[in-house]
Amino acid sequence: MGGSAVSRLIAISNRVAVPKAGKSAGGLAVGVLSALAEHGGIWFGWSGKTTETEPSETKRSRSGKIEFVTIDLNADDFEAYYNGFSNNSLWPLLHFMLGYFSFRRSQYAAYCRVNEFFARRLIPILEPDDLIWVHDYHLFPLGASLRQAGVVQPIGFFLHVPFPNFDVLRALPCYTQILNALAAYNVVGFQTDRDLWSFQDCMTQPEIGGRLHDDGRITAFGRTFKAEVFPIGIDVEECQRVAVENFENEELMRLGASLENRKLIIGVDRLDYSKGLELRFRGFETLLESYPATRGCVTFMQIAPPTRAGVRTYDQIRGELEKAAGNINGRFAQIDWMPIRYLNRGYSRELLMAIFRRAAVGLVTPIRDGMNLVAKEYVASQDPKDPGVPVLSTLCGAARELTDAVLVNPFDRQGVADGLQKAIEMPLHERRAIHASMIATLRKNDIHAWTRRFIESLSTP
Ligand code: ADQ
């Protein structure tokens, strides 16, 4: 690992997921936790608490090799920074969904203020040999704020979500400032080559004036930096172990008994419009319409806990989804069979991995997703002797690696239905063959490789 073995890693994200019994971490948190567990270091970010007055001092706690350092945020600033600019401007923009996009200057100003506040609170804990790794779109300007305050240590940035092309990005009135802020990092990392190409294209637009060098570095806004692809992975062995260990627990037994001999199709997502859940329900409806033999023989279980409650669009999609599930169940249900089981809550990681192993099909059809770890976890949890089949959207990062999955366009209802039918009917020898090749890909690009490659790049000038 070169110089990185002696450097301390400082990971920074909006939210710090201090491990709690019975609570499972989301996508970004799984990656950051694993990087820090391996390397040791500090995880710095928001505590999850807001205050009406000036936020109190930073809080520190430790668990094994990881020190958690958290700060509270002012309630008004948090609302504008998080629900405002991060989730009403950047999230839809970065997922190519301009229909959900809105912009307010006051929210962007609060976003910059919160990033400066993060920098002010971080600086006192930094040491000369530290490697600083900033995560995700909430913190685009953090590197620039740290540089302005004189921080000279290497600072890297990883974007967990997609990066859109220039014609989408320029809907954001402050897009130049965002690109300028990204040029302050030593390394800017993306999930897939497509995200990197979009970023390179944005940086080299005539109005930006950047230059792409042969070695992949970019010079823009007076600075030269690396921009590279680091597809995030999972801990394959851990997923397999957790799935096997929990396969015979009581809840799994009850699930098995309730399914009788029906095949289980599983979907697991945060309740977010980017995950394409209503379209997914309609794709399943088309399966029941086009392939009548599936009626009474398959059960689709969608687990989707609400996120970002209080943000209008999130409350709205929750209502729409409940309506679609009720509508499809009303149309096709039989006295002893309910086509869709829609569970509007989170489950433990232990139970999820075991449910994945029980499911004949993993239905993962976001309309945009940086990577999508559920797709990878589904594949890793399978029994290699009798594996299930992922039906995967072409519009998520994971589809760039899991090329042997049944790939579908989530907007094409019939295509999703045909994909589901293909997965349901796939013969054992074919399921085994595609599973073996997907597992080999997941092992090569696992979470340890992700961490190692990013830290190596950040420690090499
Ligand atoms: P997310 O959008 O959160 O992550 P994803 O990559 O699928 O999406 O990760 C979700 C994680 O949360 C998985 O580990 C999953 O097991 C867990 N999870 C999901 N639903 C759950 C539920 N109902 N109960 C309990 N756990 C649940 C963001 C980006 C992704 C990118 C990741 C990592 O949007 O594109 O893959 O970061 O970079």
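Biologist: Is strand β11 mostly covered or mostly open, and how many of its six residues are buried?

Modeller: Mostly covered: in this predicted model, five of the six residues of β11 (263-268) are buried.

Biologist: Which strands pair with β11, and in what sense?

Modeller: The general idea first: strands of a sheet pair through backbone hydrogen bonds, either parallel or antiparallel. Here β11 runs parallel to β12 (residues 298-303), and six bridges join the two. You can find the register from L264, whose bridge partner in β12 is T299. With β14 (residues 361-364), β11 also pairs in the parallel sense, over two bridges. There, look for I266 opposite G362.

Biologist: Which helix belongs with β11 and β12 in a β-α-β unit, and what is the hand of that unit?

Modeller: To read the hand, point the strands away from you and follow the path from the first strand over the helix to the second; clockwise means right-handed. In this case the helix is α10 (residues 277-290), and the unit is right-handed.

Biologist: Now to the sheet of ten strands. What is the strand order?

Modeller: Reading across, the order is β3-β4-β2-β1-β5-β6-β7-β10-β9-β8. The sheet is open, with mixed pairing. Its edge strands are β3 (59-63) and β8 (211-212), each pairing on one side only.

Biologist: How does β8 pair with β9: parallel or antiparallel?

Modeller: Antiparallel, over two bridges, with β9 spanning residues 217-220. A handy place to look is R211, which stands opposite T219 in β9.

Biologist: Which strands does helix α1 lie across?

Modeller: Helix α1 (residues 27-39) lies across β1 (9-15), β2 (41-51), β4 (66-74) and β5 (131-135). Relative to β2, the helix runs at about 140°.

Biologist: Let me try a single residue. Is S198 buried or exposed?

Modeller: For this step you need the cut-off: buried means under 20% relative accessible area. S198 has 13%, so it counts as buried. This serine sits in helix α7 (residues 193-203). Leaving aside residues up to four places away in sequence, S198 touches F163, P164 and N165.

Biologist: And the whole protein: how many helices and strands are there, and how compact is it?

Modeller: There are 16 helices and 16 strands. The radius of gyration is 22 Å, close to the 23 Å that the globule rule gives for 461 residues, so the protein is as compact as a globular protein of that length. Of those 461 residues, 57% count as buried. As for contacts between residues at least 6 apart in sequence, 77% join residues at least 24 apart.

Terms used
Residues numbered from 1 in each chain as written. Predicted model: local features only at pLDDT ≥ 70, side-chain atom pairs only at ≥ 80, totals over all residues. Heavy atoms only, no water. Helix = DSSP H or I, 4+ residues; strand = E, 2+ residues; numbered from the N terminus. Buried < 20%, exposed > 50% of the residue type's maximum accessible area, 1.4 Å probe, protein only. Contact = heavy atoms within 4.5 Å. Pairing = 2+ DSSP bridges. Axes fitted to C-alpha atoms, helices over the stretch in contact; angles between N-to-C directions. Rg over C-alpha atoms; globule rule 2.2 N^0.38 Å.
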